[in-house]
Amino acid sequence: MTESEGRYDQKDNEFIAWYPPALSSDEVADVWAPREAAFYVHIPFCTAICDYCGFAVQRERDADQPRYLAAVHAEIQRYIDQGRLARLTFSCGHFGGGTPSVLPAAELVAIIHRLARGARVTPDAELTVEANPISFTAEQAATYLAGGVTRISLGVQSFDETILRTIGRPHRREDVEAALATARDCGVGNFSLDLIYGVPGQGMRQLREDLLRAVDSGATHLSCFRLEIIPFTVLKLREAAGELPDRLPREVLDEMDDLVAEVLVDAGFVEYGAFNFARPGFESVHNRIAFMAPQGEYVGFGNGAYSFADGHIYCNDALIPRYVEAVEAGRDPIAFSRRVSSVEEMSRYFVLGLKFFRVPRGPFLARFGRTPEEVFAPQLDALAGDGMLRREADDYVLTAAGRRYVNNVCKEFYDAGNRGRRQQVQFVPTLTPGQILAYSRRAGLAAQPAGAR
């Protein structure tokens, strides 16, 4: 008798045609159920490029706006015609940049209408437009609201003249106050403000006054970012030339983190994610879909826009000419892509989810068929032991210490193939040769002894 004959009493002759066989009538409606999704449209134009900016942007005066907008419309129509959006239901959309408000408001509304004609956009979708105080007018606000925009995000950054000059913003406090008055007078009931802190030379009193002024503005949402001085920006050149105050020490920056949370939570805001504070009920829908676990799908249009759809993460070409030329030639303007493996998707669940402080276990098990403990036991045990993470009912929740080091904690869940890699795979220079030469000379002078100048 062979080993196989001893193993089985009889031969199984069932023809296996599909797997798994444990089908259920309960899930019939799920087969073609629309998936909730978000869209993003990148508008790369700015009146002036801020000194700290490292995004894929272009000065308005140098841009061929009609050609770019035609390409965006053509890209969206390509997705529609090829059925790529057929199973997605957009419950939010975001126009970012750059500065979308430098365009006539009707141009943005036309893009919304293009999507609504060819895809599902829910009647109550949260549609956000980023605006700069110096390019936000009552006429724009009226057109936005009539065209379906439900939320404005104002890039205030600070109410303090000194801070605004230090970071190279083109607006002043009076522009901020005028934009806020416009929002209120035009009936924009849902608007968010961006604030930057940790600016060289900034004091705790200045930060507190900025926060209190933001609270008093009537904003429903605040995004508060600690300034990063990155290479290949004017701010970095100015620092090298000795034109900035000294960077704030780490302990002061940590105190500022605490002050932001303290002031805003005391004022009734909910700290629902890293850098994000909202009045109850006004948490960003885009953040919920794109980042909070379990993440949904989002589709980006325009140069440099990222997407996560149909099991792929991909990004469009960041260089405007190459983006436009690809669309005009009838090609996808995608520069980089990757089919996300099951391991990467499980990592993504935690990497992005923990940015919003809480990751539920149940949807992880439902999506991947495994518990988080089976996949990430070493990370979960180590972070819990270090007081960064705790189990709360059926969720994993960041502690106060974990929130302070949120990006460190998130990167603990990178898989081996992505560990140590940076997100920015494309670089779009915004510095002019004249700026580089001028600040190089200033840096050289600053480095010389006083008597040698």
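**Sheet order and salt bridges in a predicted model**

Visitor: What is the relative accessibility of Tyr306?
Guide: Buried means under 20% relative accessible area and exposed over 50%, with partly exposed in between (1.4 Å probe, protein chains only). Tyr306 counts as partly exposed because its relative accessibility is 33%.

Visitor: In which strand is Tyr306 found?
Guide: This is a predicted model, in which local features need pLDDT of at least 70, side-chain atom pairs count only at pLDDT 80 or more, and totals for chains, interfaces and linings use all residues. Residues are numbered from 1 along each chain as its sequence is written, and side-chain values use heavy atoms, without hydrogens and water. Tyr306 belongs to residues 306-309, a DSSP run (E, at least two residues for a strand; H or I, at least four for a helix; both numbered from the N terminus). That run is strand 12.

Visitor: Which strands stand at the edges of the open sheet ordered 15-17-16?
Guide: The 3 strands of this sheet pair in the antiparallel sense, pairing being at least two DSSP bridges between two strands. An edge strand here has a single partner, so one of its sides is left without a neighbour in the sheet. The edge positions are taken by strand 15 (358-360) and strand 16 (389-392).

Visitor: Which residue of strand 17 is the bridge partner of Arg390?
Guide: Strand 16 and strand 17 (residues 395-398) are joined by 4 antiparallel bridges. The partner of Arg390 in strand 17 is Val397.

Visitor: How far apart in sequence are the parts tied together by Arg226 and Asp257?
Guide: These residues form a salt bridge (a side-chain nitrogen of Lys or Arg within 4 Å of a carboxyl oxygen of Asp or Glu), with their closest N and O atoms 2.4 Å apart. Arg226 lies in strand 8 (residues 221-226) and Asp257 in helix 9 (residues 250-266), so the separation is 31 residues.

Visitor: How far apart in sequence are the parts tied by Glu243 and Arg442?
Guide: The closest N and O atoms of this salt bridge are 3.0 Å apart. Glu243 is partly exposed at 33% relative accessibility, and Arg442 is partly exposed at 37%. Because Glu243 lies in the loop between helix 8 (234-240) and helix 9, and Arg442 in helix 17 (residues 433-447), the separation is 199 residues.

Visitor: Which helix holds Glu345, the salt-bridge partner of Arg367?
Guide: The closest N and O atoms of Arg367 and Glu345 are 3.8 Å apart. Arg367 has 36% relative accessibility, and Glu345 has a relative accessible area of 23%. Arg367 is in helix 13, and 22 residues away is Glu345, in helix 12.
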